[in-house]
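Hi,

Here is the structure I said I would pass on. Have a look, and my notes follow underneath.

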Amino acid sequence: FMLIGLSSFLWGQKKTEWIPPLDLPLSLSGTFGEPRSTHFHLGIDIKTQGSQGWEVKSVAPGYISRIRVSLGGYGKALYINHPDQTTSVYAHLKKFAPKIEAYLKSKQYENKSYTIQKFPKRNVFSINAGELIGYSGNTGSSSGPHLHFEIRDTKSQKPLNPLLFDLYVKDSQRPQIQNLHLFYPENNSIITPSESVPLKRVNDSTYNTSIVTTSGKIGLGIVMFDQQDLSLNKNGIYKAQVKVNGKNIVQYKFDQLDYSDSKKLFINVDYPTFKKNKRKIQKLFFQNHQPLAFMKSMHEEGVFHIELGKSYQIKVTIEDFSGNSSHIEMYVEGAEKQIQNKILEGKLIETGEDYLIILNKKKVYFPKNTFFERTSIQIEEYEKTLSVGPDLFPFNNPYEIRFLIDEEDTLKLRQTFIAKKRGQKLSFLPTTFKDGQLETKVKNMGDFIVSRDSIPPKIVPSNFKPNQWLSKLKYLKIKIFDDFSGVKSYSGLINGEWILFEYEPKSNLLTYDFSDKIFELAKHDLLLEVEDNVGNKTVYETTFFRKYLLD
């Protein structure tokens with residue numbers, strides 16, 4: 001069957017002249033659709049030479065439809081709707097352009113919250129092509145300075161490949177193929193067995209193999225990456241195709257994605273291999289699910305049958321957006337082959353049923369569709385520890401872990417939660433208490449235990465001391481720490497008035513801009529309260545002196 005390609009709005013619309021969002025040669029540290037550790041990438045990551053503060057400009061005329069500030073995810077992000085029914089997204093910004101910053105700050109003070117989301121009306125912020133809208137940064141879940149840039153279909157909000165919009169990236173390099181794997185998806189085992197096929201490099205574009213002898217139903221998987229001329233990052237490819245005896249079996253093409261598809265990464269990437277050694281084998285076949293948006297055509301789910309005594313020519317082609325391509329040529333002879341099944345012991349979990357497993361004082365509840373496929377789970381308890389595994393199956397939805405406890409002290413109960421063991425360390429999990437039991441929802445395997453956090457957060461001044469004159473400072477900076485359950489909230493006052501502290505969790509830093517408010521008196525009383533995720537609070541009070549120059 002064939003799948004519908006890029007949204008129809010791209011055809012027949014008046015062409016928009018797009019401009020790059022940065023005045024830098026476009027160097028990418030991430031491409032559209034490439035597999036990350038938990039999802040498919042929904043945009044492109046543009047490198048900013050390892051620094052922050054580059055001017056970010058609107059790629060086309062339009063109006064600001066959404067402004068968001070969050071501690072994780074996209075951090076400071078801006079959304080602009082354009083006349084051609086697209087929306088551009090600019091994420092991990094350091095700050096916004098002055099007029100946007102002023103609007104947002106007024107709303108933050110109004111709401112008394114740093115994290116905020118606003119949807120300005122159409123007439124509030126009209127934006128010209130090339131107009132300054134912000135400055136590149138490292139906010140949110142960014143692991144380094146860069147601009148995450150997306151294009152979406154405004155109506156459906158489906159992410160589209162930004163390179164379809166004439167954003168030039170210099171690229172004369174062919175994609176690289178590192179490994180080829182054969183999967184045997186039709187057998188009675190829980191885990192699909194696979195085997196590696198050694199590759200021989202013929203030239204800069206072609207790989208081949210020795211003759212492979214096997215039989216039965218086969219699917220292919222490859223480890224691959226692409227690089228552009230101005231970047232050493234190993235990025236994702238744009239196209240993949242498999243032909244068997246000249247017949248097209250599979251074709252991928254990363255023109256668009258669905259948000260629901262992005263979370264289904266491990267339908268496409270072999271989960272056990274990734275969990276074991278972080279290597280991503282991308283499958284070129286697809287079973288038992290609705291196809292993902294980037295799968296343009298697929299014959300019998302990309303699985304082909306090798307019959308005894310017959311010969312097959314298999315050709316795999318991968319291609320980047322600039323048209324550079326690499327190929328694998330493989331010849332297969334149909335012959336008897338013993339497939340090593342991997343059958344696991346444990347509780348069989350079917351996708352369409354609920355399961356409640358009860359142990360001594362612990363329970364595990366798997367709702368319907370927790371997993372993508374039927375799985376085999378081993379659940380054990382060792383004294384205070386609950387062990388759920390093995391970590392070989394990707395999750396579609398979270399499941400619940402419950403610990404029955406006898407604690408009656410309300411303070412200790414409030415400070416008690418379920419934690420996940422990570423080696424010698426424990427990680428806090430958001431936990432509720434109901435009907436005598438602690439409960440948390442998780443989307444991974446592991447060892448879990450009941451723990452307690454009785455230590456309140458720490459507050460440490462960063463660029464000042466108590467009773468100091470601060471007239472020359474532009475910003476007040478304070479470090480806040482909570483090494484166990486983590487910071488849940490904070491609130492600061494100067495002379496009894498709420499002030500906006502910007503919070504950067506990666507550096508544990510709160511920053512207040514002295515230009516936000518004008519105080520007539522030189523003496524200022526600062527009060528800062530920080531609360532962790534189990535309700536422990538720390539209050540810091542101090543005095544400083546500062547003269548404000550009034551116009």
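I'll start with T139, which counts as buried at 11% relative accessibility (buried is under 20% relative accessible area, exposed is over 50%, and partly exposed is in between, with a 1.4 Å probe and protein chains only). Before I go on, some bookkeeping: this is a predicted model, where local features need pLDDT of at least 70 and side-chain atom pairs count only at pLDDT 80 or more, while totals for chains, interfaces and linings use all residues. Residues are numbered from 1 along each chain as its sequence is written, and side-chain values use heavy atoms, with hydrogens and water left out.

Back to T139, then. This residue sits in the loop between β9 and β10 (146-153); helices (H or I, at least four residues) and strands (E, at least two) are DSSP runs, numbered from the N terminus. What does the side chain of T139 reach at 2.9 Å? That would be the backbone oxygen of L93. Leaving aside neighbours within four places in sequence, T139 is in contact with G73, Y74, G75, K76, H92, L93, E504 and K506 (contact means heavy atoms within 4.5 Å).

Next, strand β41 (residues 509-513). Four of its five residues are buried, so to speak of it as mostly covered is fair. β41 pairs with β37 (residues 475-481) in the antiparallel sense over five bridges, and with β40 (residues 501-504), again antiparallel, over four bridges. For pairing, DSSP has to find at least two bridges between the two strands. T511 is the bridge partner of K477 and also that of E502. β40 and β41 form a hairpin with four residues between them, and N508 in the turn has a positive phi of about 55°.

β41 also shows up among the salt bridges, of which the structure holds 21 (a side-chain nitrogen of Lys or Arg within 4 Å of a carboxyl oxygen of Asp or Glu). Some that I looked at:

- K105 and D513 form one, with the closest N and O atoms 4.0 Å apart. K105 lies in helix α1 and D513 in β41, so the pair ties together parts that are 408 residues apart in sequence. Both K105 and D513 are buried.
- K99 and E131 meet at 3.0 Å, N to O. Here K99 lies in helix α1 (residues 98-111) and E131 in the loop between β8 (126-127) and β9 (132-136), so this pair ties together parts that are 32 residues apart in sequence. K99 is partly exposed, with a relative accessible area of 41%, whereas E131 counts as buried at 18%.
- E400 and R402 form another, the closest N and O atoms being 2.6 Å apart. E400 and R402 are both buried.
- E34, R36 and D45 are joined into one network by salt bridges that share partners.

On to the packing. Which residues touch the most other members of the largest nonpolar core? They are Y90 and L526, in a core of 58 residues. A nonpolar core here is a set of buried Ala, Val, Leu, Ile, Met, Phe, Trp, Tyr and Cys residues joined through side-chain atoms within 4.5 Å. The largest share of this core, four residues, comes from α1. Not counting residues up to four places away in sequence, L526 touches a set of residues that includes F464, L476, I478, Y540 and F544. There is also a second, separate core of 46 residues, with V212, I222, V242 and F266 among them.

Then there is an open sheet of four strands in the order β39-β38-β42-β43, with antiparallel pairing. β39 (497-499) and β43 stand at the edges with a single partner strand each, so one side of each is left without a neighbour in the sheet. Three bridges join β38 (residues 487-494) to β39, and I494 has E497 in β39 as its bridge partner.

Last one: V534, in the loop between β42 (523-532) and β43 (537-545). Buried or exposed? V534 counts as buried, at 5% relative accessibility. Not counting residues up to four places away in sequence, V534 touches R414, Q415, F417, F428, D453 and S485. V534 and I455 are 79 residues apart in sequence and 9.9 Å apart in space, C-alpha to C-alpha.

Cheers

Key. A polar contact is a pair of N or O atoms within 3.5 Å; within protein, one must be able to donate a hydrogen and the other to accept it, and residues adjacent in sequence count only if both atoms are side-chain atoms.
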